[in-house]
Structure formats: structure tokens, C-alpha cells
Amino acid sequence: CKPLTVLQTHSHDLRRTTMLGSPGGESTTPVRRRGARFCTRRRQFWLGTILVMSGFVFRGLLLTPSFDFDTNVQSYYPRICESHQIKKLGSFVNHSGGKLVVVVVGLESSGSKLLTKLLLKLAFPEEPNYDVSGHGTYGRCQANTSPLECFGVMHLSLPYYDCFPDPLAEVAELRRSGIQTRIVIATRDHSMSLRSKLVDHQRDAATARIEQQLATNMLQSLINVDRNKGEEEPIMFSYETLMLLRGPYVQRLAEALHLSLPKEETRSSSSTDLLMERLGLHLKDGNPKWMTFQAAIKSFVVGLYRRLGFGARTPAFQ
């Protein structure tokens, strides 16, 4: 890009600007005018275009591998974790009052940990936030605050490190101990959960896809209940719906689990906003961050790290 060069002539006290070819005897000085600014803007435009297109490439090719629900995983079998969750309930098991354990199940990075914290806050609003760092059973017994004197939440992520917990086996063991159970399945857009999984959990793309499909198959089996045998259907909890409806959606969840809310809480929009404030919940949608240029750059770095063979977790299948 060659900017337009303008010659400025000087003749005694008269100063005028002409194009190339000024009158003889007059001194001329080349001056860059609007052409320079035009070229700078054009360079900025093309540089910005290249950066934006590169972001789309990073985000499309490196951030999220293709996820096909028809992927054949019949030759892979999930490695089942040993059950130690029931032992964490302690005196909860031997309590004589009403007991309920909500089993929260979801894919990795599906919002299951957020849902666990939310349920605990609904049951014990006066308690500080529980440290839900991973798998575990949380809760306690209390008197005269709810029809259910004992309430707990079992958090199961599919998979958990290098193995898959068996939600049905956990539920069966709880029921043998005389504890009422309800399964709540946490769902989230599978592309978003897979993007987060690749960055935070399983950095091998092929392994992550297989684990995601095996986990999806397990969730589908949880939904197929036999109503003729009196089996209860799992409660479906959507991360995106929570971020959209917030208070009213949380209230419906509490009602489905028969959790007592403060008496002043009703179905009006103002009271549901108050409910979120009373629970100390300040929700921030985590999906948009996976659709930004910064996320693409982060994924690009993680992708290079992954391609060099670093950071891959042991597969949770065999």
C-alpha cells in the first residue's frame, strides 16, 4: 500500500499545496496526507480479520472435538468404582427419623457439583457453603425443621477420575439401609461440558469422547425405569434452564423433593428473587466463556500440551 504523496511548496509568504509537478523556482517538501491513515486502517482491518478467523479455527478444531451420539463404544466397558459412599453417612444410617438421600448424577462438567451445593443450601439455608470438592456424601440430621429429619446429597460424576460410579448400586445399598432415595440427573449442553472436560479433566480428545459417550449411555439407562414395579422416574435438572429461570426453577426443585422453604416464600417473581438472595446464590452462566476468543487461545495451548502427550488422565474404561 503506497500512500498518496503530496508536495507542499513554499514561495515567500505564500504557502500552497499542489500535486506532483510544482512551478519552477519553488521549494517542495513531500508530506504524507490521508493516504497514510488509509493504509494504516486497511492493515488494521486485515490483521483483525486474520485474528478473528484464527479464533474460529482454534475454537472449531482444537477446542471441541466432534461428538457423535452414534459413536460405536461397544468394544469399551466402563471401569466401575468401588463403593465407599454409604460409609460416609455415619450416624445418619442409624437414625430413626425420616431419611432422604438425593443422588446427583451427571457428566463431568455438567453442573452436578453446582446442583449438589444448591440442594444442600435448600436443606440447610443457615449453614455456610459446603465444600463440595468432588465425589462424596454430604448432609446431616436435624430435628423439628423438616418432615425429613435427615437429609443428604450423594454427588456422583460420570466418570470420577479413572472409574465410573454405579448410581443404581449406590441407590440399592442406600435402600437396604432403610434410606429413602431420589435420583436427580444434571444435564448441560454436551458441547459445553465436553469443552470444559477437555481443559479441566481429560485432555486426551479421543478418550474424552469415549468417556462422554459411555457416561451418556449410563444416564439413558437411569431414565428407563419400570413404572409397573413402582420405580420413580429421576428428576431432570438442566443447567441452562437454571441460568434462565433461576428462582422459580429452584423452587420447583425444592417442591419436587419435599424440601421445606421459608413460609414467606411464594411463587411471585419478587419472592423467588428473595429466595436466591436468602440462599446466598449468585449464579453466573459459565457457557459463554467457552464461546470467546480467550477460550479458543486457552484451548489452543491445552491442545498443544495434549498433543505432546502431557496431562492425559488414565481412561475410565477398558
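The paragraphs below walk through the salt bridges, two helices, the nonpolar cores and the aromatic pairs of a predicted model.

The charged side chains make a convenient starting point. Across the whole structure, 5 salt bridges are found. Four residues, Glu108, Lys197, Glu211 and Arg313, are joined in a network of such bridges, and the network can be followed one pair at a time. In one pair, Glu108 and Arg313 form a salt bridge through their side chains, with N to O at 2.8 Å. This pair connects distant parts of the chain: Glu108 sits in the loop between β4 (99-107) and α2 (112-123), while Arg313 belongs to the segment after α9 (293-307), 205 residues apart. Glu108 and Arg313 are both buried.

Arg313 also has a second partner in the network. Its side chain meets that of Glu211 in a salt bridge, N to O at 2.9 Å. Because Arg313 is in the segment after α9 and Glu211 is in helix α5, this bridge ties together parts that are 102 residues apart in sequence. How far are these two side chains covered? Relative accessible area answers this, since under 20% counts as buried. Arg313 has a value of 16% and is therefore buried. Glu211 is buried as well, because its relative accessible area is 0%.

From Glu211 the network continues to Lys197, where the closest N and O atoms of the salt bridge are 2.9 Å apart. Glu211 is in helix α5 (residues 205-223) and Lys197 is in helix α4 (residues 190-200), so here the bridge ties together parts 14 residues apart in sequence. Both members of this pair, Glu211 and Lys197, are buried. Read in order, the network runs from Glu108 to Arg313, from Arg313 to Glu211, and from Glu211 to Lys197.

Lys197 leads on to the helix that carries it. Helix α4 is mostly covered, with 8 of its 11 residues buried. Lys197 is one of the buried residues, which also include Met192, Leu194, Arg195, Leu198 and Val199. At the start of α4, Asp189 places a side-chain oxygen within 3.0 Å of the backbone nitrogen of Ser191. A further contact involves Gln212, a residue of helix α5. The side chain of Gln212 reaches the backbone oxygen of His190 at 3.5 Å. Gln212 counts as buried because its relative accessibility is 2%.

The nonpolar side chains come next. The largest nonpolar core has 31 residues, and Leu115 and Leu119 have the most contacts inside it. Several elements each supply at least two residues of this core: β4, α2, β6 (150-158), β7 (180-187), β8 (235-238), α6 (239-245) and α7 (247-256). Of these, α2 gives the largest share of the core, 6 residues. Which residues does Leu119 touch, leaving aside its neighbours within four places in sequence? The contacts of Leu119 are Val102, Val104, Phe151, Val153, Leu253, Leu257 and Leu259. There is also a second, separate core of 24 residues, among them Leu156, Phe164, Val171 and Leu174.

Strand β5 (residues 136-141) contains Thr137. Thr137 is buried, because its relative accessible area is 11%. Thr137 and Val101 are 36 residues apart in sequence, and their C-alpha atoms are 8.7 Å apart in space.

Aromatic rings complete the tour, with a count of 4 aromatic pairs. Phe124 and Phe151 have ring centres 6.3 Å apart and planes at 70°, so this pair is edge-to-face. The two rings come from distant parts of the chain, Phe124 from the loop between α2 and β5 and Phe151 from strand β6, 27 residues apart. Phe124 and Phe151 are both buried. Tyr160 and Tyr161 are also edge-to-face, because their ring centres lie 4.8 Å apart with the planes at 65°. In this pair Tyr160 is partly exposed, with a relative accessible area of 28%, and Tyr161 is exposed, at 53%.

One last ring has a charged group as its partner. Arg188 lies over the face of Tyr239, at 4.7 Å from the ring centre.

Note on methods:
Residues numbered from 1 in each chain as written. Predicted model: local features only at pLDDT ≥ 70, side-chain atom pairs only at ≥ 80, totals over all residues. Heavy atoms only, no water. Helix = DSSP H or I, 4+ residues; strand = E, 2+ residues; numbered from the N terminus. Buried < 20%, exposed > 50% of the residue type's maximum accessible area, 1.4 Å probe, protein only. Polar contact = N/O pair within 3.5 Å; in protein donor to acceptor, adjacent residues only side chain to side chain. Core = buried A, V, L, I, M, F, W, Y, C linked by side-chain atoms within 4.5 Å. Contact = heavy atoms within 4.5 Å. Phe/Tyr/Trp six-rings, centres within 6.5 Å; stacked < 30°, edge-to-face > 60°. Lys NZ or Arg CZ within 6 Å of the ring centre and 35° of its normal.
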